[in-house]
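I opened the notebook to record what I could look up about the way the parts of this assembly meet. The entries follow the order in which I checked things.

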Amino acid sequence: MYVFMKEKEKLKTFIPQDEIHELLEKTKNPDPVRVKEILAKSLSKERLEPEETATLLNVEDRDLIEEMFIAARKLKETIYGNRIVLFAPLYIGNECVNDCVYCGFRTSNKKVLRKTLTEEELKEEVKALVNKGHKRLIVVYGEHSKYSPQFIAKTIDIIYNTKLGNGEIRRVNVNAAPQSVEGYKIIKSVGIGTFQIFQETYHYPTYKKLHPKGPKSNFAWRLYGLDRAMMAGIDDVGIGALFGLYDWKFEVMGLLYHTIHLEERFGVGPHTISFPRIEPAVNTPFSQKPPHPVSDFDFKRLVSIIRLSVPYTGMILTARERPDLRDEVIKLGVSQIDAGSSIGVGSYSNKDPETVKKSQFLLADRRSLDEVIRELMKSGFIPSFCTACYRAGRTGEHFMEFAIPGFVKRFCTPNAIFTLTEYLCDYATQETKEIGWKLIEKEIEKMDDGIKEAVKKGVERIKRGERDVRF
Amino acid sequence: MSDSEVMNLLSQIVKEGGKVWVAKRIGRRISYIEGLKAGEELFLPPEVLYDDGQIIVFCEGIKNMERAKNLARRVAAVLEGGDQK
């Protein structure tokens, strides 16, 4: 398959490189009336077309940009309400055969300590995460023959079967190398959540320059990686770009074209979009000084434009970003964040002084899960560990039926409250509990009479010791 | 498997309103089987009509649960008798 794709690599893909450049050129200095029309379309919850997104990317007027921020905040509130889903990354192994210039795990980086968790170490990591209150993980693997589909499936199975007290991991998302269709089927068989592959950069010449070695050097093999996942029956996939490698406007266009491609080919777009900015990594000069750094202001622009372009796609913001910026950016459209994260291999269960040398990059938000939850609640958000949809057959094409505000009110908000109640009962500090119980009371009071009583009963059941209560 | 047979059974389940959909268990995940649903979304908490560890039939807003459960058993039998999709 790899050899086959190597031959096909130069053929046209669904990322029209020239067309993106032309669109970004053609839509410069946009007419404010046109920009407002596009914002109105977005607020009616329609996915934008490439020309429309390109127009938003070319808005330079500060007042108009502020209008974009306002629209993005409004759209987020309408579709997602005030919930924020929380998860943690769990690095299983950092062996890698690729040589991505910007990455701390690249094969030529001799200063990174290579490590793959043993089964026992993995169980300890999971227990440490469960003990903090986590229910959702993203497991991360380098690209290496050690991390075969069978290995990935086995590690996920171990995670699902590791319990501690009331706690357990209920959803495991995966960030791993692109697989063959057969490989995906093996991974799918253990019941994964989302399979993520980040293209890193959609700009072909930049991609070729930054990925000189290994399977990842093949642009098309990676680009079509999620097509193969969907062909294997994985209906939740996540796309992403690493901002800082090339022009951020081009990358946003790439993410949009990728979304459109999946919608057209499979009838369902990506479940999530990630938009990490490059961060410094051990012995990786490129990461200290990326060629296309994205300022905080432009980062806010790109987040709001992605929100406006794909109203119903989940957006993931990571702990790479500083807490103050995270607080601001969340409001512009983010639906999921990681919290209490540690990205050294084995670093949840061990206070390892060498953690940094086992990490892919460095984190800017080092707050604990409890601190993040407390801060979110102070800002009026409901932290959620909900995993109900994918355990009630509300997945794939069926999930799209629920991407409407009514569903959020009647399902997502109650389920967020239930999982927050579990957290407060089992893991929260006293200070967090006090804020949390007040928030829950306030949120229940806001609910329609039709569901208020059912939610109150659910909360009481949890307080009495029942777990995994959900709608 | 006969898709039309399954769809016919699903239509019978929602004859008097409600919604039904069919999923299969994949490890911890319970995944919707593409195309296998009938009725209108009412935004009620889902109830399980049938669960044999592999196939799960969910419903909401169904009035006659006993009748629906019998029909859901037949849905599973058809699905498990042939191609598992």
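How many residue pairs are in polar contact across the interface of domain 1 of chain A and domain 2 of chain A? I found 4 such pairs, with both partners at pLDDT 80 or more; I kept that threshold in view throughout, as this is a predicted model.

**Entry 1, the two domains of chain A.**
I noted first how chain A is divided: domain 1 takes in 2–13 + 76–367, and domain 2 covers 404–463. For the contact between them I listed 15 residues from domain 1 of chain A and 13 residues from domain 2 of chain A. Taken over C-alpha atoms, the centres of domain 1 and domain 2 of chain A lie 30 Å apart.

I then looked up the area, since the size of an interface is often given as the accessible area lost when the parts come together. For domain 1 and domain 2 of chain A I read about 940 Å² buried between them, with 49% of that on carbon and sulfur atoms.

I searched the same interface for salt bridges and recorded 1 between domain 1 and domain 2 of chain A. I also looked up Arg170(A), which forms a salt bridge with Glu422(A), and wrote down 3.1 Å for the closest N and O atoms of that pair. Turning to the side of domain 1 of chain A that touches domain 2 of chain A, I saw that α5 (62–80) and α6 (119–132) of chain A each supply at least two of its residues. Sorted by class, that side of domain 1 of chain A has 4 nonpolar, 7 polar and 4 charged residues.

**Entry 2, chain B against chain A.**
I next asked which residues of chain B lose the most area to chain A. Before answering I set down the extent of the interface: 20 residues of chain B are in contact with 28 residues of chain A, and the two chains bury about 2000 Å² between them, 54% of it on carbon and sulfur atoms. The residues I was after are Arg28(B), Arg29(B) and Phe43(B), which together account for 43% of what the chain B side buries.

I counted 3 salt bridges across the interface of chain B and chain A. For Arg28(B), I looked up its salt bridge with Glu168(A), where the closest N and O atoms are 3.5 Å apart. The polar contacts between chain B and chain A come to 11 residue pairs, both partners at pLDDT 80 or more.

I then traced which elements of chain B are involved, and found that β1 (19–26) and β2 (29–39) of chain B each supply at least two residues of the side that touches chain A. The greatest share comes from β2(B), with 7 residues. By class, I divided the residues of that side of chain B into 10 nonpolar, 3 polar and 7 charged.

**Entry 3, each chain on its own.**
For chain B I listed 2 helices and 4 strands, running α-β-β-β-β-α from the N terminus on. Its radius of gyration is 12 Å, close to the 12 Å that the globule rule gives for 85 residues, so I noted chain B as being as compact as a globular protein of that length. The box filled by the C-alpha atoms of chain B is roughly 30 × 25 × 20 Å along the principal axes.

For chain A I listed 20 helices and 9 strands. A compact globule of 471 residues would have a radius of gyration near 23 Å, and I noted that the 21 Å of chain A agrees with this. Along its principal axes, the C-alpha trace of chain A spans about 60 × 55 × 40 Å.

**Entry 4, salt bridges over all chains.**
My last count was 51 salt bridges over all chains. One of them joins the side chains of Lys36(A) and Glu67(A), at 3.5 Å from N to O. This pair links distant parts of the chain, as Lys36(A) is in helix α3 (residues 32–43) and Glu67(A) in helix α5 of chain A, 31 residues apart.

Conventions: Residues are numbered from 1 along each chain as its sequence is written. Chains are lettered from A and ligands numbered from 1 in the order in which they are written. This is a predicted model: local features need pLDDT of at least 70, side-chain atom pairs count only at pLDDT 80 or more; totals for chains, interfaces and linings use all residues. Side-chain values use heavy atoms; hydrogens and water are left out. Domain bounds come from an automatic or database domain assignment. Contact means heavy atoms within 4.5 Å. Buried area is the accessible area (1.4 Å probe) that two parts lose on being put together, summed over both. A polar contact is a pair of N or O atoms within 3.5 Å; within protein, one must be able to donate a hydrogen and the other to accept it, and residues adjacent in sequence count only if both atoms are side-chain atoms. Ala, Val, Leu, Ile, Met, Phe, Trp, Tyr, Cys and Pro count as nonpolar, Asp, Glu, Lys and Arg as charged, and the others, Gly among them, as polar. The radius of gyration is taken over C-alpha atoms; the globule rule is 2.2 Å times the number of residues to the power 0.38.
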